[in-house]
Amino acid sequence: TGGIINQASKQPFLGDRSTVGVTWGSHAYRRVTADLNQQVGETTAVRFNAMKTDTNSFRDNVEQERWGLAPSVTWGLGTPDQLTVSYYRLREDNIPDFGIPFFQGRPIPVPVDRFYGLANADHDRNDTGITTVAYNHRFSDDSNLRTVLRYADYERDLWAVAPRLAGGTTFITDSTVINRQRQARGGTERTLTSQTDYTTKFEAAGMKHLLLAGVELVREDAHRWNYASNATNPATTVGNPNAYPALAADYFTSIRRTGDVFYTAKTMGLYAQDVVDFMPRWKAVLGGRYDDFTADYQRAAPAGPLSRTDRVFSWRAGLLYQPTDEVSYYASYGTSFNPSAEGLTLASTATAQNNANLGPEKSISYEVGTKWNLFKDKLLVSAALFRTTKTNARTVNPAVPTDIVTLDGEQRVQGLEIGATGRVTDAWSLVAGYAYMDGKIVSSKNPLEVGQPLSSAPKNSANLWTVYTLPFNVDVGGGVSYLDKRVVNTTATRYVDGYAVFDAMAAWRVNNRLSLNLNIYNLADKKYILESYNTGSSGNVLPGNGRSAVLAGVYRF
């Protein structure tokens, strides 16, 4: 619960600078990109980004096609009033891949390129369009007001299969039957967001303050449906997964929508945060947010409509001590929540999907850590201890078929994270990290879950990447990523092994305009599982990429 990924889009800037890139690689990987920035007045600039990518896969019959563009224009650069209008468009048309099934808690032992889908029917089409208007007014060097309006439009159409072993399978041979379970659904989502932030610096009561206050307003509208067909998917076998089988004559003509549902949600968030310098080398962070979240869910008769409203406060606090300019220590506390309707759905049946009358899950996070700037601020080293507890996780008693979901569960993850990033010498740079996570289901109505590790949470993970600069503007580098064993379901009856993958690179800055980059992935051609999915009584995994390479050329002008 809690946390976001902060994405920063490329913005126009004063000056003329452009970049084009071409990439070619294994599995027919082809990609072209363009990033064009042009100043068109004393305070105005336009920027245009475009991308086209087509690739096959190390997995048989899997393909990806996507293109995107992102134009933007900014008026008032370098002035107190700045306005940016931007648009983002991304479109994909892929042959999706649901990987391979589990058998007795482990992925079936087959070659990593084996594909159990229907290449002559499966598709995954996505279309995203986002329009953003951002206005920034600077009252002074210490005070700023920023407002962002965003309209987003998402469309998805999925027709795929998930591989499932036939019921009663007791051993695996090449002739073992694999059923192709239909995964067919579509939907549209429209999101309108307004966010306004005010930041200011001031002094009061002998202390320095950095204040942030804001309001966020969001409206989400979604329409979702499933697909049905009179024709069934033909089964296949473990050893002979024919991706182009003969399909029934009405396979495509009988496709129809079923189970249409409509979802509308409105969010109002009010928040404020103050960073206070209250003593020499001491700072405190105090912040809070209030959310009013209402969701309405329309279902076809006789199911009828559902509605849910949650009003929740979230808090954060922190303390920072800097004994020197190079060293800092900190402690932090924060709360967050998951509303029951966050998945764009509500339900009221007495099953594990019941959430219409259920309040939000809530979490509390604690962290203490330190950061050290070494070698005259060239290398940053950090370490942290953390603990996050979900105090009222959703849970249901599997022994009682009519038992509804309650908030009686508790889940906890705690551990250690250390990292280093920067330059050891002028020619040698590195990024390194290690994390230990002890995740556990502390309590649940399902006794088989109590004490089990959290799914998809490896106990140990680590990464190391290092680059060395040679003469003649040549860089060489390499690294390793390690992930420990992961359980896939809450009762720990399914798991995937840990793995270590080694990568390498070389780059040559031919001149100020042209550079060439070679990346080689999975040098040892390690066989490993990248992603895993649990669906209750079954599940599937997606193997990681084998050895591959891409060569990119970038030209600047």
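## Contacts, cores and strands in a predicted model

Leaving aside neighbours within four places in sequence, Ser 538 is in contact (heavy atoms within 4.5 Å) with Arg 164 and Arg 494. This is a predicted model, in which local features need pLDDT of at least 70 and side-chain atom pairs count only at pLDDT 80 or more, while totals for chains, interfaces and linings use all residues. Residues are numbered from 1 along each chain as its sequence is written, and side-chain values use heavy atoms, with hydrogens and water left out.

Ser 538 lies in the loop between β27 (529-534) and β28 (539-543), where strands (E, at least two residues) and helices (H or I, at least four) are DSSP runs numbered from the N terminus. Because its relative accessible area is 18%, Ser 538 is buried; buried means under 20%, exposed over 50% and partly exposed in between, with a 1.4 Å probe and protein chains only. The side chains of Ser 538 and Arg 164 are joined by a polar contact of 3.0 Å. A polar contact is a pair of N or O atoms within 3.5 Å; within protein, one must be able to donate a hydrogen and the other to accept it, and residues adjacent in sequence count only if both atoms are side-chain atoms. Arg 494, the other contact of Ser 538, lies over the face of Phe 102, at 5.8 Å from the ring centre. A charge sits over a ring if NZ of Lys or CZ of Arg is within 6 Å of the ring centre and within 35 degrees of the ring normal. Arg 257 offers another case, its charged end sitting over the ring of Trp 225, 3.6 Å from the centre.

The strands on either side of the Ser 538 loop, β27 and β28, belong to an open sheet of four strands in the order β7-β6-β28-β27, with antiparallel pairing. Its edge strands are β7 (106-107) and β27, each of which pairs on one side only; two strands pair if DSSP finds at least two bridges between them. Between the antiparallel β6 and β7 there are two bridges, and Phe 103 stands opposite Arg 106 in β7.

Strand β6 (residues 100-103) also leads to the interior. The largest nonpolar core has 13 residues, and those with the most contacts inside it are Ile 108 and Tyr 116; β6 gives the most to this core, with three residues. Such a core is a set of buried Ala, Val, Leu, Ile, Met, Phe, Trp, Tyr and Cys residues joined through side-chain atoms within 4.5 Å. Not counting residues up to four places away in sequence, Tyr 116 touches a list of residues including Ile 100, Ile 108, Val 110, Val 161 and Ile 178. A second, separate core of 12 residues includes Ala 222, Tyr 263, Ala 265 and Phe 293.

Aromatic rings give another set of links. Rings of Phe, Tyr and Trp (its six-membered ring) pair if their centres lie within 6.5 Å; planes under 30 degrees apart count as stacked, over 60 as edge-to-face and the rest as tilted. By this rule the count comes to 12 aromatic pairs. Tyr 251 and Phe 252 have ring centres 5.1 Å apart and planes at 75°, so this pair is edge-to-face. Tyr 251 counts as buried because its relative accessibility is 0%, whereas Phe 252, at 46%, counts as partly exposed. Ring pairs link Trp 159, Tyr 227, Tyr 251 and Phe 252 into a cluster.

Two further polar residues lie in strands. Thr 395, in strand β18, counts as buried at 6% relative accessibility, and Gln 414, in strand β19 (residues 406-423), counts as partly exposed at 23%. Leaving aside neighbours within four places in sequence, Gln 414 is in contact with Phe 386, Arg 387, Tyr 436, Met 437 and Asp 438. Their polar contacts are set out below.

| Residue | Partner | Distance |
|---|---|---|
| Thr 395 side chain | Ser 444 side chain | 3.0 Å |
| Thr 395 side chain | Lys 445 backbone nitrogen | 2.9 Å |
| Gln 414 side chain | Arg 387 side chain | 2.4 Å |

Finally, two loop residues have an unusual backbone angle, given that most residues other than glycine have a negative phi. Ala 205, in the loop between β10 (177-204) and β11 (207-228), has a positive phi of about 55° and counts as exposed at 75% relative accessibility. Asp 377, in the loop between β17 (361-374) and β18 (379-395), has a positive phi of about 65° and counts as exposed at 53%.
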